[in-house]
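Work through these exercises with the model open beside you. Try each task before you read its solution.

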Amino acid sequence: VSYSLDVQYSSPASENSSFKPGESALISRIRARSRPRSGELTIGIGDDCALLKPRSGEELAVTTDLSIAGRHFRLDLHPPDVVGHRTLARGLSDLAAMGARPVAAFVSLGLPGDLTVRQGRRPAWIDLFYEGFLKLAQSHRTPLAGGDLAESPVALADIVLIGAVPKNRALLRSGARLGDALYVTGSLGGAAAGLAMLQKRARSGKRSSSGRMNNILSPHLYPQPRIAQGLWLRRKGLATAAIDLSDGLSTDLNHLCEESGAAAEIDEAALPMHPAASLDQALHGGEDYELLFTAPGAARLPHAIEGVPLTRIGEIVKRRPGRPAVIVRRSRGTVPLEPQGWQHFS
Ligand SMILES: [Mg+2]
């Protein structure tokens, strides 16, 4: 994997960077905390490129994701460690959806100058960003292998995640077949409910937070990518297709049906709704980062995978021209489930 920019955090004082003295201390700290795992990442931060050495019989999974202030996060709403956590979580969740094991992460930041310096006794925004990022990276044994820093009028974070998966064994969106059952991990709508709470709290100007409020906010602020569950599904060979829920059930299930050339019916009563979520948030709210997957109807799946509950929510049915790809069964009749993609803050 080559790196298009000429530094691996190694030279913050390069000509196109306005980062100040003290930044090399930051980079040393980042480097110290991102010790590469032996074997697969032979060279990490500090050289012109990172060097990866995939295990034999594996192929690499690569995903990239751009987060921009005002669109994917808000500086006035999201603490910096939350932005760091969420940036990495988005990438890890894509690896989880493919059943891939994380190998290395690369993150590039464009930041207004004031986010790179200490504010009185408070650490700089960028330090707290890396704190949130590296905490999640450590819990998924994902080394930070490089990236770039530059001054930018708008804060942005660009993540690249490299994963590995045995050849021809990655979970794809396209494998769902007639008669397969549909499953989802965890609960739905929690992130949308948390975001609504966060926005409400910001409007009212309140800053205090109770334990209950933290429980409601946490799926939005600290989503947990389902790496262990994706690996489990891939190892067991039970899933025929999979996708992560980044844009909401309605949108992502439509993607899965589209790629598989299939249709789906789900039961409204079966949806594992987050206790704080409305039905609308469960069906259309984005950023839950749960896994949605299919398995043969006769396959026996556990009630939980690696500690996360698993729920059967419907089946794959035949696709018929002129009929919606996804239908929700309610107590009285059925309704089509149109994709209502996640709108971020636009
Ligand atoms: Mg995805």
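**Exercise 1. Find the residue with a positive phi in the hairpin of E14 and E15, then trace the strand pairings around it.**

Solution. This is a predicted model.
- Step 1. Go to the hairpin of E14 and E15, where 4 residues sit between the strands. Gly-333 takes a positive phi near 80° there.
- Step 2. Check the direction. E14 and strand E15 (residues 334-336) run antiparallel, joined by 3 bridges.
- Step 3. Pick out a facing pair: Arg-329 stands opposite Thr-334 in E15.
- Step 4. Turn to the other partner of E14. Strand E10 (residues 263-267) and strand E14 (residues 326-329) run parallel, with 4 bridges between them.
- Step 5. Pick out a facing pair here too: Glu-265 stands opposite Ile-327 in E14.

**Exercise 2. Identify the residues that coordinate the magnesium ion, and say which parts of the chain they tie together.**

Solution.
- Step 1. List the donors. Asp-94 (OD) and Asp-244 (OD) coordinate the magnesium ion, at 2.1 Å.
- Step 2. Place them. Asp-94 belongs to helix H2, and Asp-244 to strand E9 (residues 241-244). The pair therefore ties together parts that are 150 residues apart in sequence.
- Step 3. Classify Asp-94. Its relative accessible area is 22%, so Asp-94 is partly exposed; the cut-off for buried is under 20%.
- Step 4. Classify Asp-244. Its relative accessible area is 3%, so Asp-244 is buried.

**Exercise 3. Name the buried residues of helix H5, and find helices that cover them.**

Solution.
- Step 1. Scan H5, residues 211-221. The buried residues are Met-213, Ile-216, Leu-217, Pro-219, His-220 and Leu-221.
- Step 2. Look at the cover. It includes helix H2 (80-98) and helix H4 (190-204).
- Step 3. Link this to Exercise 2. H2, which helps cover H5, also holds the magnesium ligand Asp-94.

**Exercise 4. Locate Pro-79, and compare its separation from Leu-128 in sequence and in space.**

Solution.
- Step 1. Find the loop between strand E3 (58-68) and H2; Pro-79 lies in this loop.
- Step 2. Count along the chain: Pro-79 and Leu-128 are 49 residues apart.
- Step 3. Go C-alpha to C-alpha: the distance between Pro-79 and Leu-128 is 8.3 Å.
- Step 4. Classify Pro-79. At 36% relative accessible area, Pro-79 is partly exposed.

**Exercise 5. Count the disulfides, then classify Cys-49 and Cys-257 as buried or partly exposed.**

Solution.
- Step 1. The disulfide count is 0.
- Step 2. Cys-49 has a relative accessible area of 28%, so Cys-49 is partly exposed.
- Step 3. Cys-257 has 0% relative accessibility, so Cys-257 is buried.

**Exercise 6. Summarise the whole chain, and flag stretches where pLDDT falls below 50.**

Solution.
- Step 1. Tally the secondary structure: 8 helices and 15 strands.
- Step 2. Assess burial. Of the 346 residues, 54% count as buried. The chain exposes about 16,000 Å², and carbon and sulfur atoms supply 50% of that area.
- Step 3. Look at contact range. Among contacts with a separation of 6 or more, 83% join residues 24 or more positions apart.
- Step 4. Read the confidence. The chain averages a pLDDT of 90, and 90% of the residues score at least 70.
- Step 5. Flag residues 1-7, where the pLDDT is below 50. This stretch has 18 contacts in the model beyond near neighbours in sequence.
- Step 6. Flag residues 11-18, where pLDDT stays under 50. The model gives this stretch 7 contacts beyond four places in sequence.

Definitions and conventions
Residues are numbered from 1 along each chain as its sequence is written. This is a predicted model: local features need pLDDT of at least 70, side-chain atom pairs count only at pLDDT 80 or more; totals for chains, interfaces and linings use all residues. Side-chain values use heavy atoms; hydrogens and water are left out. Buried means under 20% relative accessible area, exposed over 50%, partly exposed in between (1.4 Å probe, protein chains only). Helices (H or I, at least four residues) and strands (E, at least two) are DSSP runs, numbered from the N terminus. Contact means heavy atoms within 4.5 Å. A disulfide is a pair of cysteine sulfur atoms within 2.5 Å. Donors are N, O and S atoms within 2.8 Å of the metal (3.2 Å for Na, K and Ca); water is not among the atoms, so sites may look incomplete. pLDDT is the predictor's confidence in each residue, from 0 to 100. Two strands pair if DSSP finds at least two bridges between them. Accessible areas come from the Shrake-Rupley method with a 1.4 Å probe; for residues, only the protein chains shown count as cover.
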